Amino acid sequence: QITVKGRSKTIKIADQDLDYEDKFRLYMTSRLANPHFSPELAAKTTIIDFTVTQSGLEQQLLGRLISKEQKQLEDQLTALQEEVTSNTKVLTGFEEQLLSRLANATGSLLDDEKLIDVLAEIKNKSKEVTEKLAESREKTTEIGEKREQFRPVAARGAVLYFCIVEMTLVNWMYNTSLQQFLDLFDYGIDNSAKTMMVKDRVANIINCMTMKVYRYINRGLFEIDKVTFKLQMCLKILIKEGKLNSNDVNLMLKSGSGIDDRNKKFNWMDQKCWLNIVALSKHKFANEPSGFFKDLPDKISRYEKEWRKFLDENAPENVPIPDYDDKINAEGIGHFLHLCLVRSVREDRAVLASQKFIRRVLGEQYMEPVTDLISEIWEESEPCKPVLYLLAPGSDPTSTIDEFATRKKKIPTQKVSMGEEQEIVAKKAIDDGMRDGFWVILNNCHLSLEFMAEMEEI
C-alpha cells in the first residue's frame, strides 16, 4: 500500500496518508506465555520466541556459574569463540576472493602470474587459518571438559526454576521472575562452602542453592501448597537424573482412573483400589522395564490375609509391604515405588506417604517447620525491594518490625494505613524515609491497589 510521490513515499493507514521510511521497523511484544499466531501473520512477520527452555536456561546458568567460579575459563572460551568466528570469516573471504579471480580471469590461467601469486598467498593463509581453527577446537574441547564438571549445578538450577514457574498453575500469585531466581542461584554459589575438589564444591553449591530456593519460595506459598512444591521438586530432580520419566509421574498422580476393569478378584476390596492395582501391575517404570509390580494381583491372592491387614493399617506408609519390602528397599527408585503402592491401595494416606518420600529424597530438613526471622528477611531485602506481608486474620508483625528497626536503626518506623486519598501521605512518608533513613510500614495495601502498581517505579 506504499505510494511513491516524487522522491517521497507515503502509506495509507486509517484514511490518512503518512510518510513512509524504508528503514522503518515495527516491534510488537506479547506477555502471553503461548500466543496463537495465524499462518498468514507468521508468513508476513518475523516471530521471535523468548520463552525460556530448560536446556537453554541450563546453558545460561552454566556460563553464569563458570564466570563466578572460574572467570578465566569463561573469558578464554569467549575469546576462543570470537577468534573462531573471525578466522571462519577470513577463510570465507579467501574463498570468495579466489572465486572472483577465477571468474574474471582472461586467457590461460597458467599464464596469469598475478593469479598464481594470489593462489599461493591464499594457500599459505588458508593453511594458517585452518591450523588456528584446529587449535581452537582442541582448546574448546579442553575448556568444555572443565566446564562440564560444573554442569550438575546448572542442571539443578534449571530444574528448580521450572518447579517455581509451574507453581503459577496452582495459583497465579506464585509468579516469580527469572531475575529473582538468578539472585537465589548467585546466593547458592557465593554462600556455599569452598573446597579444593571440584566434585565436593559442586555438591556444596547444589545443596546450598536447593535449600535457599526452597526456603525463599516456601515462605510465599499457602500452607496447603507447600507439600505440592516439595513433591514437584523431588520428582523433577529424579526425572533429570534419569531415574524416573513422565509416565511414572502420571501413574503416581492418576493411578487407575483411566482403566476400566470389571473383573475384581477380591470382595473385600473396593473397585477404585482394584483399578489402581491393575494400573500398577501393567506399568513399566523407567528403571524397571520388566514391570516391578506385574505379579501384584497374584501376590495379593497368595497372601490375602497379610494384604488385608496391610490395607487396614492406620499408617500403612510406615509398615513393611507384604512380600515386597526387601525388593523395594533394594531398588534405586525404591522410595518412589513405595509411594506409588501406598497411593494405589490407600489413597487417603497419599499425602503422608509423599512427605516420607520427600524426606528420603531431599532430607529431613525439608520437612521441618520453617520460621523466617525478620532479621533474615531484612538481610535479603534491598532499598528497591520492599517486603510484602500477606497476613492471616489476627496476625500483625508491626511490633516485631518496630522492635527490629529500633535495634538496627535506632529510628522509629512511620506507619500509614492505606485507604481513600492516603496515597499522597504514603508517597510523602516514603520520600521522607528515603531522605532520613527510616522505614515505612504501609498497612491494608489491598485498599490502594493502583498505588501498589506505582510502587515499582517509586
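Biologist: How many salt bridges does a search of the whole structure find?
Modeller: The model is a predicted one. Side chains of opposite charge can pair when their charged atoms come close. A search of the whole structure gives a total of 30 salt bridges.

Biologist: Which residue forms a salt bridge with Lys240, and which parts of the chain does the pair link?
Modeller: The closest N and O atoms of this salt bridge are 3.0 Å apart. The pair links distant parts of the chain, 182 residues apart, with Lys240 in helix H8 and its partner in helix H2 (residues 54-69). The partner of Lys240 is Glu58.

Biologist: Is Glu58 buried or exposed?
Modeller: Buried means under 20% relative accessible area. Glu58 has a relative accessible area of 7%, so this residue counts as buried.

Biologist: Which residue pairs with Asp186 in a salt bridge?
Modeller: Asp186 lies in helix H6 (residues 178-191) and its partner in helix H2, so the pair ties together parts that are 122 residues apart in sequence. At 13% relative accessibility Asp186 is buried, whereas the partner, at 27%, is partly exposed. The closest N and O atoms are 2.8 Å apart, and the partner is Arg64.

Biologist: Which residues are linked with Arg219 in a network of salt bridges?
Modeller: One salt bridge joins the side chains of Asp372 and Arg219, at 3.7 Å from N to O. Asp372 lies in the loop between helix H15 (350-362) and helix H16 (374-380), and Arg219 in the loop between helix H7 (198-218) and H8, so the pair ties together parts 153 residues apart in sequence. The network links Arg219 with Lys212, Arg215, Asp372, Glu376 and Glu380.

Biologist: Lys230 is buried yet has no salt bridge; what is the nearest side chain of opposite charge?
Modeller: Lys230 belongs to helix H8 (residues 226-240). A polar atom of the Lys230 side chain lies 3.0 Å from the backbone oxygen of Tyr366. A salt bridge needs nitrogen and oxygen within 4 Å. The nearest side chain of opposite charge to Lys230 is 7.0 Å away and belongs to Glu223.

Biologist: Which helix gives the most residues to the largest nonpolar core?
Modeller: The largest nonpolar core has 79 residues, and those with the most contacts inside it are Phe285, Phe293, Leu296, Trp307 and Phe336. Nine residues of this core come from the helix that gives the most, namely H5 (residues 151-166).

Biologist: How many residues are in the second, separate core?
Modeller: Met418, Ile430, Leu442 and Phe451 are among its members. The count for this second core is seven residues.

Conventions: Residues numbered from 1 in each chain as written. Predicted model: local features only at pLDDT ≥ 70, side-chain atom pairs only at ≥ 80, totals over all residues. Heavy atoms only, no water. Core = buried A, V, L, I, M, F, W, Y, C linked by side-chain atoms within 4.5 Å. Buried < 20%, exposed > 50% of the residue type's maximum accessible area, 1.4 Å probe, protein only. Helix = DSSP H or I, 4+ residues; strand = E, 2+ residues; numbered from the N terminus. Lys, Arg positive; Asp, Glu negative; His and termini not counted. Polar contact = N/O pair within 3.5 Å; in protein donor to acceptor, adjacent residues only side chain to side chain.
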